[in-house]
Amino acid sequence: MTTPLRYVVGLVLAGSMPGAALAQGAVIRLEAKRDPQAAAQAAQGWADRFDGVVTLPLPGGWTGIAIGPLPEDRAEPLLEQLKQARKVPQDAFVSTPAPGTALTPVGDADPAAPQAVAPPPPGIYLRLESFQAEPEARAALARIRAGFPEAGLWRLPDGWFAVALGPVADDAAAASLPVLADADVIPDDAMLARAADLGQALDAGSAPELPVPGAPEPLPPLDQVQRALRWAGHYDGQIDGKDGPRTRAAIQAEITQARASTDPGTALRLLAERRAAWAEEQGLAPLVDQATGLTVTAPMRALTFDRAERALSIYGPRDGSGAALILFSQPGGQQELLDLAGLVTALGWVPQPDRVVKPGHVTLQGANDVHIGAAEGWVREGRAEGYVLIWPASDADTQTRLQAEISDSLTRHGPGANAGAAPTALP
């Protein structure tokens, strides 16, 4: 007999009984909302599917929605199980709330209490695809729910079947339809329809969160836009502050995936706010390294200084984090940069790396079962300098975002105590 997923989650919760003080531990972060009413509605939706759903305050007035608290050694395996089962968003992640953070349980209402039945919410539907046969329509529903889990199935008045998304406020539907179609997220011939036009609901689904358009906002400077989009995983081009097809495609990806706003300026402002909240949660702080003369934004909660050796300054894992950061700097040019890249590879910091070499710039990227390694170096003002980031392989999403932050922030504040030193193989 298969154990229900709700019960499996309940087995590993660190809290004891509903209403009791929740033990501190890790949580699986599902999503975050800025509007309190939207947060409460989303949290209740998750509580209908899982035990142990909680809300927690986040920086900037946001509310996090999570499962927990959980024993730290069980959180990652459970998250992986839920992702494989497509029960949680693919960008869900495990975090450890700061001591004293209030975790408020959701869904502890008395199930025997009578519940008011609300009338169907007003709005309009996005009619995505239509089929003459029900099996084809149900297959399409399963496919579409990979991107829109709220989608539903309807029997049309003419006997056909339609996959639709809604209800949505009229202005949100009108603004979202062309944006989603242009991004190939929904078919080009998708249309707007009222519930009466759809006929009988065979599986009504649920109302998606599509943004109501507001006043357009100016787009931030394009170099800031590119950095934010790289952090979100949409952009892998150069940070050059220039408009181009890759930048525009990345903006469109953010709009369609985050669904925070159909206005580019507003969507990018909200993305910047998410990025700032994440940075605070990760404990990112300026690291001013005296040995190399480099300054970088780094996850200092996960790192502790180990030692400096010649051209290297090494920060190892704090409290078993499995993380490390190596800064390197020495006089020289392209050859010295390549020598440092060879040293990084020989020491196994970047396992079996993919290497990209350009004039004045080298990147290494590789991974094994234990860690992800990434290195980047530049020739700047007569010096070969850069970083190596080592991060647990189980937390690839955080590694990608940290690498973007470190790459963007690495600067020189002074000559460094190791000025003139040459690299050496470490024991």
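Is P105 buried, partly exposed or exposed? In this predicted model, P105 is partly exposed, because its relative accessible area is 35%, and partly exposed covers values between the 20% limit for buried and the 50% limit for exposed. P105 belongs to strand 5. Its C-alpha atom is separated by 9.2 Å from that of L56, although the two residues are 49 residues apart along the chain.

**The sheet**

Strand 5 is part of an open sheet of five strands, arranged in the order 4-1-3-2-5 with antiparallel pairing. Strand 4 (93–95) and strand 5 (104–105) each have a single partner strand, so they stand at the edges and one side of each has no neighbour in the sheet. Strand 2 (residues 53–57) pairs with strand 3 (residues 63–70) in the antiparallel sense, and five bridges join the two. One of the residues involved is V54, whose bridge partner in strand 3 is A66.

**The charged patch**

On the surface, D182, D184, D188 and D189 come together in a patch of negative charge. Where does D189 lie along the chain? D189 is in the loop that runs between helix 5 (170–182) and strand 9 (191–193). D189 is exposed, because its relative accessible area of 57% is over the 50% cut-off.

The table sets out the accessibility of P105 and D189.

| Residue | Relative accessible area | Class |
|---|---|---|
| P105 | 35% | partly exposed |
| D189 | 57% | exposed |

Key
Residues are numbered from 1 along each chain as its sequence is written. This is a predicted model: local features need pLDDT of at least 70, side-chain atom pairs count only at pLDDT 80 or more; totals for chains, interfaces and linings use all residues. Side-chain values use heavy atoms; hydrogens and water are left out. Patches are made of residues with over 30% relative accessible area and no salt bridge: like charges are joined within 9 Å, nonpolar side chains (Val, Leu, Ile, Met, Phe, Trp, Tyr) within 5 Å. Accessible areas come from the Shrake-Rupley method with a 1.4 Å probe; for residues, only the protein chains shown count as cover. A salt bridge is a side-chain nitrogen of Lys or Arg within 4 Å of a carboxyl oxygen of Asp or Glu. Lys and Arg count as positive and Asp and Glu as negative; His and the chain ends are not counted. The place of a charge is taken as NZ of Lys, CZ of Arg, CG of Asp or CD of Glu. Helices (H or I, at least four residues) and strands (E, at least two) are DSSP runs, numbered from the N terminus. Buried means under 20% relative accessible area, exposed over 50%, partly exposed in between (1.4 Å probe, protein chains only). Two strands pair if DSSP finds at least two bridges between them.
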